Amino acid sequence: MFRLAHFSDIHLGPLPAISYRELASKRITGYINWKRNRRLNLDHGVIDKITDDMLAAKPDHIALTGDLVNLALDKEIEMARLWLEGLGPADAVSVVPGNHDAYVPGALARACRAWGPYMTGDGRQPVKGKGSFPFLRVRGNVAIIGVSSARATAPFMASGYFSKAQAQRLASILDATGEAGLFRVVMIHHPPVRGATHTAKRLYGITRFQQLIRTHGAELVLHGHTHKPTVHRIDGAAGASVPVVGVPAAGQAHGGAKPPAHYNLFEIDGAPGAWRVHFARRGISDASGEISEISSAVLSGEDRSA
Ligand SMILES: [Fe+2]
Ligand SMILES: [Fe+2]
């Protein structure tokens, strides 16, 4: 059994009551170390609760589907790098970037430089930008495939893009990992489903993505961006249907406009044609802010050809 945890949209906030200008980089490092080491048990924030619970579940791998920061300022990107290092080793955590990580031109390349070890395919050099995606990591009988839909957009836009070049590379990865009998998990920040979000936030290339999955197959698609706990289904190869799973933002407190923070925990068992996926959502369900199981189900690859 392979246990895969999925969370998203941490949107690491500005440091409370301290402006970036007030902080020399050394002090930022100190602040992060303080958070990491939990020396003062004061600000046990929502993200900390989510990640503590997630790490306690001892996942074999963690998938983080983007929007680590807000404005992609250099110091935010650096803070996110330190935060990732506190979360876990780069070979056990996979990251794809979101629109906030590519907020302005040049930001994505800077994020790739900083978080590269978490976005590096097996035996490959760290990603440098959109031309290096998707990356592939094989862990046990699971293929973790990281697609980038992130790009800088005009103000008030949060759209994403799935390019033809990336689609071609994804097709060969899906073919090779499918032939190898692996359970294929595709990570992408924007939901590759029509109507999942409004126009200004949508993914361009949904049709391309869905055609690709219908032709080449995949077992599970994980996304963020909507900050909602959703399961859509798209057609897979040979009549299968592929679950497309979203998750609320990992820092969302109870009582906001969006659902409070969750993470997803998948337990993957079986073999090609007979995969069994147990899917639990854990997170905040009430004003207490405590983490508990929200739902639990078996997520099967329904056969739509019947
Ligand atoms: Fe987000
Ligand atoms: Fe987003």
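In which loop does Asp-9 lie? Asp-9 lies in the loop that runs between β1 (2-7) and α1 (25-37). The model is predicted, and this report covers the two iron ions and the residues around them.

**Asp-9**

Asp-9 is buried but forms no salt bridge. Lys-201, the nearest side chain of opposite charge, is 7.7 Å away. Asp-9 is instead one of the residues that coordinate the iron ion (ligand 1). The Asp-9 side chain also has a polar contact with the side chain of His-227, at 2.9 Å. Leaving out residues up to four places away in sequence, Asp-9 touches Leu-64, Asp-67, His-189, His-225 and Ala-249, among others.

**The two iron ions**

The sites are set out below.

| Ion | Donors | Donor distances | Donor angles |
|---|---|---|---|
| iron ion (ligand 1) | Asp-9 (OD), His-11 (NE2), Asp-67 (OD), His-227 (NE2) | 2.0 to 2.3 Å | 84 to 171° |
| iron ion (ligand 2) | Asp-67 (OD), Asn-99 (OD1), His-189 (NE2), His-225 (ND1) | 2.1 to 2.3 Å | 87 to 162° |

The arrangement around the iron ion (ligand 1) is irregular because its four donor atoms subtend angles of 84 to 171°. The four donor atoms of the iron ion (ligand 2) subtend 87 to 162°, and that arrangement is irregular too.

Along the sequence, the donor residues of the iron ion (ligand 2) follow the spacing D-x31-N-x89-H-x35-H. Asn-99 is in the loop between β3 (93-95) and α4 (107-115), and His-225 is in the loop between β9 (220-222) and β10 (231-235), so this pair ties together parts that are 126 residues apart in sequence. Asn-99 and His-225 are both buried.

For the iron ion (ligand 1) the spacing is D-x1-H-x55-D-x159-H. His-11 sits in the loop between β1 and α1, and Asp-67 in the loop between β2 (61-64) and α3 (74-87), so the pair ties together parts 56 residues apart in sequence. His-11 and Asp-67 are buried.

Asp-67 coordinates both ions, which are 3.5 Å apart.

**His-6**

His-6 is found in strand β1 and is buried, with a relative accessible area of 0%. Its side chain makes a polar contact with the side chain of Thr-65 at 3.0 Å. The His-6 side chain also reaches the backbone oxygen of His-223, at 3.4 Å. With residues up to four places away in sequence not counted, the residues that His-6 touches include Ala-63, Leu-222, Val-245, Tyr-263 and Phe-266. Thr-65 is touched by His-6 and also by Asp-9.

Methods:
Residues numbered from 1 in each chain as written. Chains lettered and ligands numbered in written order. Predicted model: local features only at pLDDT ≥ 70, side-chain atom pairs only at ≥ 80, totals over all residues. Heavy atoms only, no water. Donors = N, O, S within 2.8 Å, 3.2 Å for Na, K, Ca; no water. Tetrahedral: all angles 85-135°; square planar, octahedral: opposite > 155°, others 65-115°. Helix = DSSP H or I, 4+ residues; strand = E, 2+ residues; numbered from the N terminus. Buried < 20%, exposed > 50% of the residue type's maximum accessible area, 1.4 Å probe, protein only. Lys, Arg positive; Asp, Glu negative; His and termini not counted. Salt bridge = Lys/Arg side-chain N within 4 Å of Asp/Glu carboxyl O. Polar contact = N/O pair within 3.5 Å; in protein donor to acceptor, adjacent residues only side chain to side chain. Contact = heavy atoms within 4.5 Å.
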